[in-house]
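Reader: I have a model open on my screen and would like to talk it through before planning anything at the bench. Could you take me through it step by step?

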Amino acid sequence: MIGAISTALTGLVAASKRVEASASNIANASSAGSLDPSSPNQPYQALTTSQTSTEFGGTSATNIPKSPGIVNAYAPDSPFANADGEVGVPNVDLAEEAVNLKLAEISYKANISVLKTAG
């Protein structure tokens with residue numbers, strides 16, 4: 001019973017990490033910055049969640065920078081635009097973030113069901 005509760009709790013934490021990354025990506029999706037790596041005005045670096053199994057069951061999740069975390073966008077009127085009129089924007093796909101939020105919701109529900117059953 002303790003193992004099931006522990007596993008469910010790690011699943012809840014992992015789902016929280018997924019929500020955290022998606023919320024941050026959505027909140028910063030329209031931000032822009034300089035493509036010059038030496039500039040202090042760097043764009044937001046999009047995140048993804050890396051999830052692995054733990055040695056004793058359960059899961060461990062970490063938010064890491066997405067690769068690539070930024071992409072070029074044409075915005076010649078931006079104060080961050082380079083000579084070609086390009087800026088860096090987060091590599092955020094809102095449809096992908098909606099799916100990630102739905103997956104986190106399903107994971108929450110499943111892990112709460114395990115807690116109810118084990119308790």
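**Salt bridges and the two helices**

Author: Let me begin with E96, which counts as partly exposed because its relative accessibility is 32%. Please keep in mind throughout that this is a predicted model.

Reader: Understood, and what does E96 form a salt bridge with?

Author: The partner of E96 is K66, and the closest N and O atoms of the two are 3.4 Å apart. Since E96 lies in helix α2 and K66 in the loop between β2 and β3, the pair ties together parts that are 30 residues apart in sequence.

Reader: And K66 itself, is that one buried or exposed?

Author: K66 counts as buried, because its relative accessibility is 14% and the cut-off for buried is under 20%.

Reader: How many salt bridges does the structure hold?

Author: There are 3 salt bridges in the structure. Apart from the pair just discussed, K102 and E105 meet through their side chains at 3.1 Å, N to O, and K109 and E105 do so at 3.2 Å, N to O. K102, E105 and K109 are thereby linked in a network of salt bridges.

Reader: How are the members of that network placed along α2?

Author: K102 and E105 both lie in helix α2 and are 3 residues apart, about one turn of the helix. K109 and E105 are also separated by about one helical turn, because they are 4 residues apart in helix α2.

Reader: What about their exposure?

Author: K102 is partly exposed, with a relative accessible area of 46%, and E105 is partly exposed as well, with a value of 30%. K109, at 53% relative accessibility, counts as exposed, because the cut-off for exposed is over 50%.

Reader: Let me switch to the helices as a whole: what span should α2 have, and what does the model show?

Author: With 25 residues at 1.5 Å a residue, α2 should span 36 Å, and its end C-alpha atoms are 36 Å apart, so the two values agree. For α1, the 26 residues should span 38 Å, and the end C-alpha atoms are 37 Å apart, which agrees.

Reader: Which residues of α1 are buried, and what covers them?

Author: The buried residues of α1 are A8, G11, L12, A14, A15, A21, S22 and N25, and what covers them includes β1, β2 and α2. In α2, the buried residues are E97, N100, A104, N111 and A118, and their cover includes α1.

Reader: Can we look at S22 more closely, and which residues does S22 touch?

Author: S22 is found in helix α1, which runs over residues 2–27, and S22 counts as buried because its relative accessibility is 1%. Not counting residues up to four places away in sequence, S22 touches E97, N100 and L101. E97 and N100 are among the buried residues of α2, whereas L101, which lies in helix α2, counts as partly exposed at 33% relative accessibility.

Reader: Does L101 belong with anything else on the outside, or rather, what makes the nonpolar surface patch?

Author: I26, L94 and L101 make a nonpolar surface patch of about 240 Å². L94 lies in helix α2 and is exposed, with a relative accessible area of 51%. Leaving aside its neighbours within four places in sequence, L94 is in contact with I26 and A29. L94 and A29 are 65 residues apart along the chain, and their C-alpha atoms are separated by 8.2 Å.

Reader: Changing topic, where is the cis peptide bond?

Author: The cis peptide bond joins S67 and P68, with omega at about -5 degrees. P68 has its place in the loop between β2 (59–65) and β3 (70–74), and that loop also holds K66, the partner of E96.

Reader: Before I lean on any of this, where is the confidence lowest and where is it highest?

Author: Confidence is lowest in α1, at a mean of 94, and highest in strand β4 (residues 86–90), at 97. For the protein, the mean pLDDT is 94, and 99% of its residues reach 70 or more. As a general caution, predicted coordinates should not be read in detail where pLDDT is low.

How values were computed
Residues numbered from 1 in each chain as written. Predicted model: local features only at pLDDT ≥ 70, side-chain atom pairs only at ≥ 80, totals over all residues. Heavy atoms only, no water. Helix = DSSP H or I, 4+ residues; strand = E, 2+ residues; numbered from the N terminus. Buried < 20%, exposed > 50% of the residue type's maximum accessible area, 1.4 Å probe, protein only. Contact = heavy atoms within 4.5 Å. Expected span 1.5 Å × (residues − 1). Patch = residues over 30% accessible without salt bridge, like charges linked within 9 Å, V, L, I, M, F, W, Y side chains within 5 Å. Areas by Shrake-Rupley, 256 points an atom, 1.4 Å probe, with all protein chains shown as cover. Salt bridge = Lys/Arg side-chain N within 4 Å of Asp/Glu carboxyl O. pLDDT = per-residue confidence, 0-100.
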